[in-house]
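Dear colleague,

I am handing over the structure below, and after it I describe what was found. Please keep it open while you read.

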Amino acid sequence: MFLTIDLNHSAEKCTRKLVRMNIPSGQEMEVCQIILNNCAQKRRYDPFFGLLGQRLCLLKTEYIECFEKAFQDQYDLAHHLENVKLKNVPKFFAYMLVTNSISWSVYTTSSSRIYIKSLFLELVKSLGGFNELNNCLTDPTLTEYFQGLFPRDNPKNTKFSINFFASIGLDGLTNELREFLRTNPTPTPPVPAALSIKEKEDDHENQGHIEALHRELQIQQQNKQDKKNKKNSHHMCHCNSGLRSFKAVLSMIVISFTGHSLGAALAESLACIYHTHAVTFDSPGTKHILSNDPFCQTNIDLVYNPKTSIHTYLGPHANLINVARP
């Protein structure tokens, strides 16, 4: 099953192969998990997995239940998912929801903020706009499934939901929650004047404490940056020292060239260019080359002596042309 899903790039073809495999009843969940794992491991979301899941749900109702169960599992474990999985998995389920392959009733509890953010942004994109998503969320037949996302049991939870959706640019989804808070203000118990003064003093002390912590944090960050710069400077000095040592060693190395036949001619030419020695065998003769090359001729006129720096040897079966040419 894993290879069938992993090696196929056509959802329709892959679905036909999975059907031909006659997967035993009760193993549908395993197929769903393989699809989700492959989808989550991709660098980018591949629409192939959404199309495959949709076709399986159309063919067999057991897959609908399995994908809804998988949604709940991923939903509850979202805080354990890696960043890539937090993007790919919500996009997969967003497609399943948009195509009604799984029921919107899967929204029954709250979960990770990153997971919800990726899921809702993908829903807006897949449904074609904000208004379409808002229509789904305000559908009277579906509102009971979103109570965990838009809670009204506690003003603190309600404000958290409002602030969260505002932070991801979907504050329009919480218009009803804002109206609920406005029409149902939380009663504030009377506070004695002395207590109010004490609270103000505590607030002032807390503000001072926060500012002190902020300054301390800035100092720690600055110290950390100074240590990092000092470490980088130390590494740079170490590299410069190593480079100087390498150049010193390189200056003591004598490079020479050697070659046979045509390679001998190249070796002699390079020896003349770099002012070094050459030991060659069966050379075709390079006197005319060195004499006609302006760069080599300049070196010969200044400091280089080919007669003492180039040593050539002829073998017992040397080419006659090589022997005849200087």
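In β2, Val279 is the bridge partner of Thr258. The two strands concerned, β1 (residues 257-260) and β2 (residues 278-281), pair in the parallel sense over four bridges, where pairing requires that DSSP finds at least two bridges between the strands. Helices (H or I, at least four residues) and strands (E, at least two) are DSSP runs, numbered from the N terminus. Together with helix α12 (residues 262-273), β1 and β2 make a right-handed β-α-β unit, right-handed meaning that, with the strands pointing away from the viewer, the path from the first strand over the helix to the second runs clockwise.

This is a predicted model, in which local features need pLDDT of at least 70 and side-chain atom pairs count only at pLDDT 80 or more, while totals for chains, interfaces and linings use all residues. Residues are numbered from 1 along each chain as its sequence is written, and side-chain values use heavy atoms, with hydrogens and water left out.

The largest nonpolar core (buried Ala, Val, Leu, Ile, Met, Phe, Trp, Tyr and Cys residues joined through side-chain atoms within 4.5 Å) has 49 residues, and those touching the most other members include Ile5, Ile35 and Leu52. Its largest share, seven residues, comes from α3. A second, separate core of seven residues includes Ala271 and Ala278.

In α4, the buried residues (under 20% relative accessible area, 1.4 Å probe, protein chains only) include Phe48, Phe49 and Leu52.

Best wishes

How values were computed
Buried < 20%, exposed > 50% of the residue type's maximum accessible area, 1.4 Å probe, protein only.
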